[in-house]
Structures are given as structure tokens and as C-alpha cells.
Amino acid sequence: MNFEFSADQMQLKDIARKFLEKEESVKRARNVLEGEASYDEDLWSQIIEMGFTATAIPEEYGGLGLGYLELCVIAEELGRSLAPTPFSSSVYLASEAIINFGDESQKQSYLPGLASGEKIGAFAHSETNTSPTEANISCSFSGGTLSGTKIAVADGDVANTFIVTANNGSGVGLYLVDSTADGIEIEPQTTLDPSRSHASIAFSNTPATELKSDWSDVLSLLDRAAVLFSFEQLGGAEACMDMAKEYAMGRYAFGRSIASFQAIKHKLADMFIAVELARSNCYYGAWALSTNAPELPTAAATCRVSASQAFHECSKENIQTHGGMGFTWEFDCHLYYRRCRQLAANIGSQSIWKDKLIGSLERANQI
Amino acid sequence: MDFNDTPEEAKFRKEAYEWLASNAELKEGPKDSWRASSEEEGLKQVKVWQKKLHEGGWACLHWPKTYGGRESTPIERVIWGQEVSKFKVPGGYLEIGQGMAGPVMMMYATEEQKERYLPPLATGEEIWCQLFSEPAAGSDVAGIKTKAELDGDTWTINGQKVWTSGAHFSDYGILVTRSDPSAPKHKGLTFFFVDMKSPGIEVKPIKQISGGANFNEVYFTDVKIPDSQRLGAVGDGWKVSLTTLMNERLAVGDASGPDFEEAFSLARGQDLNGKLAIENDSVREKLADWYCQQSGLKYAKYRNISALSRGETPGPQSSITKIVSGNKLQEIANFGLDMLDSAGILRTDEEGAEQSMYQYGFYGAAGIRIAGGTDEILKNIISEQVLGMPQDMRADKGLPFNEIPTGNK
């Protein structure tokens with residue numbers, strides 16, 4: 001049995017971690033949160049230089065042609081360090097949509113730019129404050145143009161390539177739109193996590209091209225992305241656990257380190273349990289993604305639910321362990337608390353993923 | 001990343017499977033298992049099977065060959081466990097002897113004693129029990145009071161042990177006692193092994209909340225033990241105990257009982273408010289949580305096995321198994337009974353009835369969350385030994401044992 005990342009993959013993880021620490025990624029997330037910029041352009045260009053955006057893109061389209069296991073370890077470190085860049089939108093969603101559903105000419109026109117960072121992709125899916133379904137998506141495609149409005153599009157204000165879900169009259173699929181096309185109105189939206197920019201996008205007879213896809217492909221894209229988002233959530237969860245422990249060890253109350261109180265120790269043990277369950281499930285997701293296993297829908301939902309739970313548990317209890325200091329703007333706890341919400345919202349709610357998980361198990365095991 | 005054996009592992013697996021296939025019966029399904037009609041019958045069958053294992057070279061896999069073992073690597077033990085679980089073979093009765101008493105004898109007994117006592121453990125001829133917990137010493141097991149007094153080269157033991165599995169059919173036991181009540185708690189302990197047929201030992205079954213009796217109280221009244229049966233130095237009993245406590249924490253693993261599959265299949269067949277239970281959103285949400293916990297434990301185990309396969313020490317992920325599975329079992333048992341609505345209160349003893357599985361879980365989970373380290377003690381272990389957090393402040397630290405405050409429970 002070899003259910004572990006290889007030595008090379010662990011080395012890549014270590015490189016990513018040290019790079020993001022050296023570049024003070026968490027501090028940069030705070031700067032984006034407090035400043036005017038939508039993302040940290042300098043960190044983004046360094047991430048591109050490191051080759052991270054090209055990781056899973058095939059070599060014939062300008063990528064490195066490594067695998068998804070490599071992308072998973074990078075994702076974990078980006079999550080740990082709250083990297084304020086459009087990485088997840090561009091790599092886990094837009095690049096994946098084109099790799100999996102693009103035709104040869106779409107791959108040739110878009111993938112080299114996404115690999116080199118010249119293009120930034122975003123996924124425009126949500127329309128209202130309810131979970132998008134094939135029945136309720138009202139964005140429409142006909143005669144080569146797309147119309148309708150998408151909201152809460154992560155990186156929508158900085159992307160130049162959009163992957164949009166729309167109905168062509170016979171069902172919902174994925175469409176490609178360039179931000180320079182006619183009839184696009186992009187409006188930045190304020191969010192609970194300003195370290196990651198979001199926008200609403202209105203399309204009005206906007207020229208678009210079809211990616212060969214239907215609703216099941218939309219779901220499959222979300223499954224693939226879910227594994228990678230889960231690794232970001234795992235990294236964030238572990239960072240919160242480490243912060244909480246570090247703070248508790250040095251904080252004294254009643255004449256002793258608060259880390260010696262069982263109330264705090266058991267809280268940390270609960271975080272550890274959540275992180276270990278999430279990590280093990282994430283490895284399962286990584287295996288399924290990297291081998292294109294038929295179990296992918298189950299594995300993706302499992303790691304998504306587990307990692308969302310772990311990050312939620314750890315980010316809120318990290319604030320709690322810090323006491324009043326955890327509630328201050330000055331401490332970093334809230335950066336993780338915000339990012340936890342952003343990642344949980346980005347590709348659909350916990351209840352939906354739980355429902356998907358049971359649905360996939362029902363399908364896998366028909367009576 | 002894959003789930004495949006190395007060539008050596010595949011070879012070992014094949015050898016194990018082939019031996020099992022020609023000596024035991026394959027299970028008909030994953031839930032098919034060996035069951036004995038009575039404890040007496042079970043013990044008899046276990047001894048016969050263990051003798052067969054020993055003759056085939058499959059007893060006490062990691063023990064030295066001299067004492068009846070096979071000198072297998074940790075990964076070979078895991079593979080053996082996976083293969084043996086496919087067969088309907090007798091189990092139980094021997095774990096404490098082979099898993100806890102054996103290792104402590106190997107570390108502290110004389111060569112002559114090892115040659116006398118270890119081989120019958122491997123062949124299943126002799127059964128051992130562990131005499132640690134006391135009425136006033138559970139989680140704080142170092143707080144035991146059973147008195148050991150030395151006169152010449154004979155010790156006299158007086159006191160009471162509790163929660164002793166299998167004491168009533170054991171031949172020998174490992175015993176921790178207090179030899180110096182004026183020393184601090186952890187310093188005044190001394191460790192022995194004892195012949196369970198010694199005069200002055202009285203074994204009484206404990207009736208559990210389930211009505212069953214799997215454990216005992218063991219009373220010691222002027223029991224004589226020769227000093228030659230002392231393991232470790234006088235006053236070093238805590239150090240010796242830790243050897244077996246570590247083994248116990250590894251041995252008490254997954255809680256057995258209804259799991260996700262059973263709850264899932266129940267929900268797909270059970271009516272709830274005019275629809276199938278599986279169509280109820282609150283049911284789906286619970287099932288998803290249990291699936292994620294079960295899957296997390298499964299893949300944590302695979303990570304452990306992978307570490308063993310590489311010849312490395314597994315990470316701390318195994319320390320979460322019992323906490324997660326014990327609590328999951330308790331919730332699933334409650335769910336299974338809740339699905340029966342008002343009828344969920346009715347007791348059935350019918351063998352194999354779905355309801356009885358959840359009833360068993362209802363009682364069993366309450367015990368599993370306590371046995372072999374309570375949830376709370378395990379969380380202390382995780383926070384102290386895995387995360388490196390400090391110990392709680394102790395009111396009894398450094399005090400002579402006989403000056404430590406005691407309550408009335």
C-alpha cells in the first residue's frame with residue numbers, strides 16, 4: 001500500500017510552503033483586505049514564475065504536465081497561507097473546464113495563457129441567493145451569444161476569461177466568454193472576505209463559445225474543483241490549529257499556561273481530530289482525482305464536507321482560544337475565519353455537498 | 001499513490017491466504033462471523049484454532065520464533081489481519097495474554113520464565129488476564145490501592161481489582177500493586193504475575209448495563225506471590241504498567257457494531273412519515289456526517305499501513321480511531337432505534353434481528369467510550385503527546401500516596 005504523497009511531491013509541498021512563508025503571504029492577504037487592490041499582483045506573478053499555475057496543464061498546451069497530486073500539495077499550502085490571488089478560480093475551475101471540455105482549438109487558444117498567467121480565469125455560476133440547479137439557471141445562450149447575470153463570481157473583476165453556466169434551451173452547459181467581448185458589465189461586490197475579490201457580471205447578447213458539456217459535466221467540474229478546494233481548506237484548518245496551540249502555550253491565566261487547562265486541551269484535540277479526518281479524506285479525493293477513478297463524485301463530496309467541517313471548527317475555535325485578542329482586527333484569526341467562509345461558499349454549500357454525497361452513494365449502490 | 005502491495009507483501013498475502021483457505025471457512029458476506037453458543041464452547045474452539053495457527057506458523061506473528069512466534073514485520077501483521085478477516089475463524093479470549101501480558105513478560109521476566117510461560121500463550125494453552133483497574137482507580141490508574149507486603153521472599157497481596165476481562169477463565173494474570181503507600185503515587189507501585197488459582201483469589205462477575213457480564217471484580221485476600229514473580233524492580237511498577245497501557249491503546253481500536261452501511265441500508269428501506277427515510281433531508285445529513293467519519297478513519301488507517309509498508313513509524317492519526325468510532329456508534333445506534341419510532345423502545349432478543357444490532361450498539365457504545373481510556377483521557381493524550389501541550393495541574397503531585405485526598409465515589 002502506498003497511500004501517501006511521494007517524496008518528490010512532499011518536497012514540492014515544502015518548497016511551496018517555504019516560498020509562501022518567505023513572501024509573507026498571510027501579511028499580503030491582510031494588505032489586500034485593507035487596501036484597494038483586488039489581489040496581490042506581485043505574489044501572483046511569483047506564483048506563476050514558480051510554475052504553480054501550469055502544474056496540471058498538459059505540456060502540449062504550455063503546461064508542466066505534472067499531475068493532480070502535485071496540484072493538491074500546492075493547494076494545501078496556498079490555503080495555509082491565505083494566498084490572496086485568483087489561483088483557485090483560474091486553476092481549479094477555468095483551466096479544468098477547458099482541459100476537460102474544451103475542443104482542440106479552445107485548448108490551444110486558452111491553456112497556454114492560463115498556464116503562463118497571461119490569462120486569468122473565473123467561474124460564473126451563481127445567480128441568486130440559492131444553490132444553482134439545472135432548473136433554476138436563467139442565463140441563456142442562443143445564436144452564439146449569452147445573456148443573464150451572475151453574482152458572487154470570485155475574481156470576476158480581475159479575470160479576462162470566464163467560464164459561464166447557461167441554458168441553451170435543451171439544458172445547462174459551460175460557455176467561454178472573453179472579458180473584452182461586447183455587452184459585459186462587471187461590478188465588484190463587497191464580501192465577508194475582502195482578501196478575495198468578487199464581482200457580479202451582467203451579460204447582454206455577449207458573444208460566447210460553447211464548451212462541449214452538459215449539466216453532468218458542470219457537476220463533474222465542481223467535483224474536480226472540490227478536491228482542490230478541500231486541500232486549501234485543509235491547509236487553512238491546520239494553520240488555525242497551529243495558531244491556537246501556539247497562542248495557548250504562551251498565554252497565562254490563573255498563574256498557568258492556558259494550554260494546561262483541559263477545556264483548552266480538549267478543544268485542541270477536537271481540532272486535531274477534525275484535521276486528521278479531513279486530511280485522510282482529502283488523500284482519498286486526491287487519489288480519485290489523479291486516477292480519474294469512478295469513485296470521484298463520492299470522494300470529492302467526502303473530502304469537501306470533511307475539509308469544510310475541519311476549517312469551520314478550527315477557524316472559529318482559534319478565535320475562541322485567543323479570547324478577546326482573537327476578536328481584534330490586529331490579530332490574524334479573522335483572516336482565516338473570513339477565508340473559511342469564502343472557501344465554503346465558493347463552490348456550493350455544505351448541505352448541498354452532503355446531499356450530493358448521499359446521492360452518489362445511492363447511485364453507486366443501486367438496490 | 002495507490003493501494004497495491006509491494007511484491008514481498010503480495011507474496012506474504014498469498015501465502016497467508018492459501019494457508020487460511022486450506023484451514024478455515026470463507027465468510028459468506030462481510031457481516032458473516034464466527035459465533036459460539038456459549039463462553040465455554042467459544043473458549044474451547046479458540047484453543048483448537050490457536051493450536052492450529054501455531055502448528056502452521058501463524059501464531060503471535062511479531063513474537064520471536066523461540067517463543068512460538070514468526071518474527072513478522074508490522075506490515076505483515078496488517079496483511080495477516082486483512083486476510084484472516086475474510087474467514088470465519090474463532091476469536092477473542094487470547095488478546096490480553098498475547099497483546100499485553102506477553103510483551104511485558106518478554107521485557108521483564110527471566111529467561112527461564114519466558115521459556116515456561118510464553119510458548120503456552122502462543123499455542124493458546126494458557127489464558128492470561130490483566131489486573132489493573134480498581135474501584136477508586138480508573139482513568140487515574142496509578143491511584144491503585146491493592147496492597148503488596150514483602151516478608152522474606154514472599155509477597156502478601158490484599159485488595160480489589162475491577163473490570164478484569166476473562167478473570168474467571170484465566171490461568172495467570174499480570175498485576176500492579178502498591179508496595180509503598182508513603183511514596184508519591186507513581187513511585188510506590190510494584191508489578192507481578194500471579195497464578196489465578198492461588199488461594200485467596202475470588203472472582204465475581206460484574207453485571208453491565210446491557211445485563212451481560214463480560215468483566216469481573218477480583219478480590220485478593222492474603223494471596224501469596226513469590227518474589228521471583230515480580231516484574232521490574234520494587235517501586236518500578238508504573239514504568240512496567242506503561243508497557244502494557246501503550247499496547248492496550250493500540251489494541252482497542254474500531255468500535256464494533258452497526259456503522260454507516262447498516263444505517264444507510266436501514267434508511268433506504270424504512271418508511272418515515274410516508275416517505276422512505278433516505279428521502280428525508282435530516283437523515284441524509286446525518287448519514288453524510290457518518291460516512292465522512294468512517295471514510296476518514298478508513299483512509300487514516302491506509303496512511304498508517306503505508307507508513308508501515310515503508311518501514312516507518314505511523315503518524316499520530318491512529319490516536320483518533322476510538323474517539324471517533326465510539327461516538328459514531330452511539331449516534332448510529334440511537335438513529336437506528338429512532339427509525340422505529342415508538343417501537344424503538346421495545347426490546348428484542350431475537351438473534352440476528354436488525355433491531356437487536358442497534359440495541360447492542362446502544363449499550364455497547366456507552367462502554368466503548370470508557371474502555372481502554374475514556375474519550376477525555378484520550379483527548380489528554382492527543383493534546384499532550386501529539387500536540388505537545390502541558391499536563392493539567394495535579395493536586396496530588398509529590399504528595400505521599402497515603403496523604404492524597406480521596407472522595408466517596
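Here are some questions and answers on how the terms used for this predicted model are earned.

The model is predicted, so local features need pLDDT of at least 70 and side-chain atom pairs count only at pLDDT 80 or more, while totals for chains, interfaces and linings use all residues. Residues are numbered from 1 along each chain as its sequence is written, and chains are lettered from A and ligands numbered from 1 in the order in which they are written.

Q: Why is A:L111 called buried?
A: A residue is buried if 20 or more other C-beta atoms, placed from the backbone, lie within 10 Å of its own (12 or fewer makes it exposed, and anything in between partly exposed). A:L111 has 23 such atoms within 10 Å, so it counts as buried. You'll find A:L111 in helix α6 (residues 104–116) of chain A.

Q: What makes a stretch a helix or a strand?
A: Both are DSSP runs, numbered from the N terminus: a helix is H or I over at least four residues, and a strand is E over at least two. On that basis, chain B comes to 11 helices and 10 strands.

Q: Which residues does A:L111 touch, leaving aside neighbours within four places in sequence?
A: Contact means that the C-beta atoms of two residues, placed from the backbone, lie within 7 Å. A:L111 has such contacts with A:I57, A:Y61, A:G62, A:G63, A:S95, A:I98 and A:I99.

Q: How do you know that chain B agrees with a compact globule?
A: The rule is 2.2 Å times the number of residues to the power 0.38, and the radius of gyration is taken over C-alpha atoms. For 409 residues that gives a value near 22 Å; chain B has 23 Å, so the two agree. Its C-alpha atoms fill a box of roughly 75 × 50 × 45 Å along the principal axes, and 37% of the residues of chain B count as buried.

Q: What makes the crossing of α5(A) and α7(A) right-handed?
A: A crossing is right-handed if the near helix is turned clockwise from the far one by less than a right angle, and left-handed if anticlockwise. The crossing of α5(A) and α7(A) is of the right-handed kind. Their axes come within 10 Å and cross at roughly 145 degrees; axes are lines fitted to C-alpha atoms, for helices over the stretch in contact, and angles run from 0 to 180 degrees between N-to-C directions.

Q: How are the residues where α5(A) meets α7(A) sorted by class?
A: Ala, Val, Leu, Ile, Met, Phe, Trp, Tyr, Cys and Pro are nonpolar, Asp, Glu, Lys and Arg are charged, and the others, Gly among them, are polar. Residues of α5(A) in this contact include A:Y92 and A:L93, and those of α7(A) include A:L221 and A:R224. The tally is 8 nonpolar, 2 polar and 4 charged residues.

Q: Where do the domains of chain A begin and end?
A: The bounds come from an automatic or database domain assignment, which gives domain 1 (7–116), domain 2 (121–213) and domain 3 (216–364). The C-alpha centres of domains 1 and 2 of chain A lie 22 Å apart, and 20 residues of domain 1 are in contact with 20 residues of domain 2. On the domain 1 side, α5(A) gives the most, with 7 residues.

Q: How many residues does each chain give to the contact between chains A and B?
A: Chain B gives 38 residues and chain A gives 37. The largest share of chain B's side, 16 residues, comes from α8(B).
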